[in-house]
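This report describes selected features of a single chain, taken from a predicted model. It covers helix packing, aromatic contacts, backbone angles and a few individual residues.

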Amino acid sequence: MNFRMHRYILGRLSEVFAGLLLLPLLVALLYREGRTIVFPYLITGLISLVCGFFLSRKKPPKRKLYRRDGLIIVAVAWIFFALMGALPLLMTHEVASLIDGFFEMASGFTTTGSTIFTDVELLSRATLFWRSLAHLVGGMGVLVFALAIIPGIGAESTQLMKAEVPGPTFGKIKSSTRESARVLYLIYLGMTAILVLLLLFGGMDLFDALIHAFGAAGTGGFSNKNLSVGAFHSSYIEIVLALGMLAFGINFNLYYYFLLTKGKKWPRSEELNWYLAIVALATLGIGANILPQYLQRGESWPTALKDSFFNVSSIITTTGFGTVDFVKWPLFSHIILLLLMFCGACAGSTGGGLKVARIVIGSKTAVNGARQSWDPKRTLPLRFDGEVMEHSALRKVFAYFFVYIGLFFLFMLPVSLDCGSFDLAFSAVAATYNNIGPGLALIGPRGNYAFFSPFSKFVLSLAMITGRLELYPMLALCTLPSAAAAERHLRRGRKE
């Protein structure tokens, strides 16, 4: 364990965090929100800058990072960003406690979109912007963002990207990890800028367009309207955001290879085909199920199909934007949405959930297992994207499934003490653990998490970070005390 390198990298991240706070500070100044809003962001930025200076002023002589180092740094960094991000909200008195602020900013950086605010339209413009900026930075990853702009972190940064980039596999698109991070962020920010322009064309003002583009890009779902996207009453905006969410749910490596061929050839991706097929089937299934309700209210079938497509796109990409209250939809639609919550988007995207790749690999393994039970002597290699998967890769996928299920129920146990029904406890953990935001019952698209106890909010905040980092970084952090003790014992033995 290279603890000196931990300190150095966290110091550099603290400096990056201070730079991010300049943006909501600028928003507060532009909208003349007064010293009660300006000072909290200024003070937090200064605190972060000073911490960063003292932590990173001395470069460690030994800079090599191992796998566990990368996992622990990533976990600590995300907790640090959520805690520091909560300080301005606490100092502006827009949240009642640090736990509330931690929940809100953990939701922001993990792109979950769950909120404790009962009326977001009462918040300052700076805070609204800060919450959504957290989506933009957290969507691609706070470490990926830092690696793209921080000089002085070399080949060891590969361990950081491996720990943070979602999906069953990790692949650099450039020989340099830093160059890979830069390319990914350029594509990401370019797509976000296009989405902002499309929303402006639909009649949104610049502030609203930035808020909702950041939410769609990071697949987070924070809005500055209590009715979310439904407040705009615009089919154009809903369709643009639905397509935008789907686009950000696709593996960003595919966009790079598409640009590499100058748009002449789209890379082959079995996961993408399954992703689009799931969206199409879910949209048609929910659309047919809710159609009688819409016809009874005098609404047309295109409206039912539009609402179905928007909410399917919002849930499978784990964004959480809302146009209608799907809690009022039939049970069949609820079950489809719940399945989509666990499915999630593609690996290497900004979406959460298990990821379509793992679902496809697990399904193929189950089918092969059934076929082999009929003919035990038959050998059936499992192919994904045209290549035979190694047994070690399959073991990793199934190990992830078991750890995922175990942690899900571990989070659910304490949260259930706050809930009067199974569906509320289950959907609260499903919505936060999979970084979706809205759940069912009281935490639907028109609800919030304000009524949970401070302890449950803390547990759900950890669930958000654990789900976003795909489990292992937070598990590695839990082993930090034993790792530190082993390191001290080893040093003591060397001295003797």
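## Packing of H4 and H6

Helices H4 and H6 are roughly antiparallel to each other, because an angle over 145 degrees counts as such. H4 spans residues 67-91 and H6 residues 125-140; the two pack at an angle of about 170°, and their axes are 11 Å apart.

On the H4 side, the contact is made by Trp-78, Gly-85, Pro-88 and Leu-89, and on the H6 side by Thr-127, Trp-130 and Gly-138. Sorted by class, the contact of H4 with H6 has four nonpolar residues, three polar ones and no charged residue.

## The chain as a whole

The model is predicted, and its chain holds 21 helices and two strands. Of the 496 residues in the chain, 57% are buried. Among contacts with a separation of 6 or more, 72% are between residues 24 or more positions apart.

## Aromatic pairs

A search of the whole structure gives 33 aromatic pairs. One of them joins Phe-342 and Phe-426; this pair is tilted, with 5.9 Å from centre to centre and 50° between the planes. Phe-342 belongs to helix H15 (residues 331-343) and Phe-426 to helix H18 (residues 422-433), so the pair ties together parts that lie 84 residues apart in sequence. Phe-342 and Phe-426 are both buried.

The two phenylalanines also belong to a cluster linked by ring pairs. Its other members are Tyr-400, Tyr-404, Phe-408, Phe-409, Phe-411, Phe-422, Tyr-433 and Tyr-472.

## Charges over rings

Two arginines are placed with their charged ends over aromatic rings. For Arg-125, the ring is that of Phe-207, and the charged end is 4.7 Å from the ring centre. For Arg-297, the ring belongs to Tyr-294, and the distance from the ring centre is 4.5 Å.

## Positive phi in two loops

His-93 is not a glycine, yet its phi is positive, near 60°. This residue is in the loop between H4 and helix H5 (98-109). His-93 has a relative accessible area of 70% and is therefore exposed, since the cut-off for that class is over 50%.

Thr-111 also has a positive phi without being a glycine, in this case about 55°. Its place is the loop between H5 and H6. With a relative accessible area of 1%, Thr-111 is buried, because buried means under 20%. The two loop residues thus fall into opposite classes: His-93 is exposed, whereas Thr-111 is buried.

## Two helix residues

Is Ser-456 of helix H19 (residues 454-468) buried or exposed? Its relative accessibility is 1%, so Ser-456 counts as buried. Neighbours within four places in sequence left aside, Ser-456 is in contact with Pro-414, Val-415 and Asp-418.

Leu-197 is located in helix H9 (residues 177-201). Its relative accessible area is 58%, so Leu-197 is exposed. The C-alpha atom of Leu-197 is separated by 8.0 Å from that of Ala-209, and the two residues are twelve apart along the chain.

Definitions and conventions
Residues are numbered from 1 along each chain as its sequence is written. This is a predicted model: local features need pLDDT of at least 70, side-chain atom pairs count only at pLDDT 80 or more; totals for chains, interfaces and linings use all residues. Side-chain values use heavy atoms; hydrogens and water are left out. Axes are lines fitted to C-alpha atoms, for helices over the stretch in contact, and angles run from 0 to 180 degrees between N-to-C directions. Helices (H or I, at least four residues) and strands (E, at least two) are DSSP runs, numbered from the N terminus. Angles under 35 degrees count as roughly parallel, over 145 as roughly antiparallel, 65 to 115 as roughly perpendicular and the rest as oblique. Contact means heavy atoms within 4.5 Å. Ala, Val, Leu, Ile, Met, Phe, Trp, Tyr, Cys and Pro count as nonpolar, Asp, Glu, Lys and Arg as charged, and the others, Gly among them, as polar. Rings of Phe, Tyr and Trp (its six-membered ring) pair if their centres lie within 6.5 Å; planes under 30 degrees apart count as stacked, over 60 as edge-to-face and the rest as tilted. Buried means under 20% relative accessible area, exposed over 50%, partly exposed in between (1.4 Å probe, protein chains only). A charge sits over a ring if NZ of Lys or CZ of Arg is within 6 Å of the ring centre and within 35 degrees of the ring normal.
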